[in-house]
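Let us take a friendly walk through a protein model, one part after another. Have the sequence and the picture side by side as you read.

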Amino acid sequence: MTALVASAGATYAQTDYPLTIENCGQSVTFEHAPQNAVALGQNSAEIMLLLGLEDRMAATAFWPNSVLPEVAEANSGVELLTVEFPTLESVLSTQPDFVAAMLTTLLGPDSKVAKRSDFEDLGIPTYLSPSACATTLDANDAYGSREELWSMDLLYKEIEDLSRIFDVADRGEALIEDFKAREAALREQFSENEDLTFLFWFSSPSPADDAYLGGGNGPSGYIADVLGGSNAIETEADWPAVGWEGIMAADPTVFVAAQVDRNRCRPCENPTNSSGVGDFDGSCDFSSGNS
């Protein structure tokens, strides 16, 4: 971890404030480095933690999985609002001076939490993951679709922006170089195989219902590419719901079942499935690690 947050002998330009960042079609100005940030979504939170910013994080929310082991200790001192979608009131109760989010459903025009303007009206700058706003949204798909394959460049942009916002450019550069080296090692290990296809199953409302899968051009498709194969699901939607007949027709070489650590289920008087429990939407995730 030390190697990621410091690079001895290297010099990096300090951030000059006020700093203006172009983010998802909006200009966001920071008068100073945030000291009480809220991260909405595991991706945003873990990037901040990998940058060593836990002492400047007021709270986090929306965690499908357990935190990365290498930042678990740092994360233990940061308030967790909820593993689900937080309320706007709960976010504001932490008195944030910056809010970053990983999904448009957390910070977008139809967000379940708030719109960016809700925070901006209160003088709180916001940041939305470039990966999220690289999708095309429509009324029938909250997570959008991609015409081109997702790229690590979107993640590198996010790391670079956040490291500049918090005035830790050296840490951001070290983290990006680490990720680049790890990807290069994987690509060298796995040769291209046109017959190798992966199917990424995230969850299902019930065992009989359609499965939510990683779409062809989403990050899961990029993972398949790094491993020398391709995504068996070729839709442009990031998270398509596909019936089991469609899954069998895709005929993937490898099934990848996501491990979802969060427990969304709770006892209810009128369960919607045989397990006798239902989540806040009336059903449960039926994926590896969550039943």
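Start with F30, which is buried, with a relative accessible area of 2%; buried means under 20% relative accessible area, exposed means over 50%, and partly exposed lies in between, using a 1.4 Å probe and protein chains only. Before going on, note that this is a predicted model, in which local features need pLDDT of at least 70, side-chain atom pairs count only at pLDDT 80 or more, and totals for chains, interfaces and linings use all residues. Residues are numbered from 1 along each chain as its sequence is written, and side-chain values use heavy atoms, with hydrogens and water left out.

What does F30 pair with? The structure holds seven aromatic pairs, and in one of them F30 meets F98 edge-to-face, with 5.4 Å from centre to centre and 70° between the planes. Here, rings of Phe, Tyr and Trp (its six-membered ring) pair if their centres lie within 6.5 Å; planes under 30 degrees apart count as stacked, over 60 as edge-to-face and the rest as tilted. This pair links distant parts of the chain, since F30 belongs to strand β2 (residues 26-30) and F98 to strand β6, 68 residues apart. Strands (E, at least two residues) and helices (H or I, at least four) are DSSP runs, numbered from the N terminus. F98 is buried too, at a relative accessible area of 0%. Together with F166, F30 and F98 form one aromatic cluster.

Strand β6 leads us to the sheet. It is an open sheet of five strands in the order β5-β4-β3-β6-β7, with parallel pairing; two strands pair if DSSP finds at least two bridges between them. Why do β5 (79-82) and β7 (126-128) each have one side without a neighbour in the sheet? Both stand at the edges, each with a single partner strand, so one side is left free of a neighbour. On average, neighbouring strands of this sheet are turned by 20° against each other, direction ignored.

Now look at β4 (residues 57-61), which runs parallel to β5 and is joined to it by three bridges. A59 has E79 of β5 as its bridge partner, while T60 stands opposite L80 in β5. Towards β3, β4 pairs in the parallel sense over four bridges, and there T60 is the bridge partner of A39. Five of the five residues of β4 are buried, so this strand is largely enclosed by the rest of the structure.

Which helix lies between β3 and β4 in their β-α-β unit? Helix α2 does, and the unit is right-handed: with the strands pointing away from the viewer, the path from the first strand over the helix to the second runs clockwise.

Finally, turn to some side chains that involve rings. The charged end of K180 sits over the ring of Y156, 5.4 Å from its centre. R187 lies over the face of Y222, at 5.6 Å from the ring centre. A charge sits over a ring if NZ of Lys or CZ of Arg is within 6 Å of the ring centre and within 35 degrees of the ring normal. As a last stop, find F202, which is partly exposed at 23% relative accessible area, and W239, which also counts as partly exposed, at 36%.

Key: Axes are lines fitted to C-alpha atoms, for helices over the stretch in contact, and angles run from 0 to 180 degrees between N-to-C directions.
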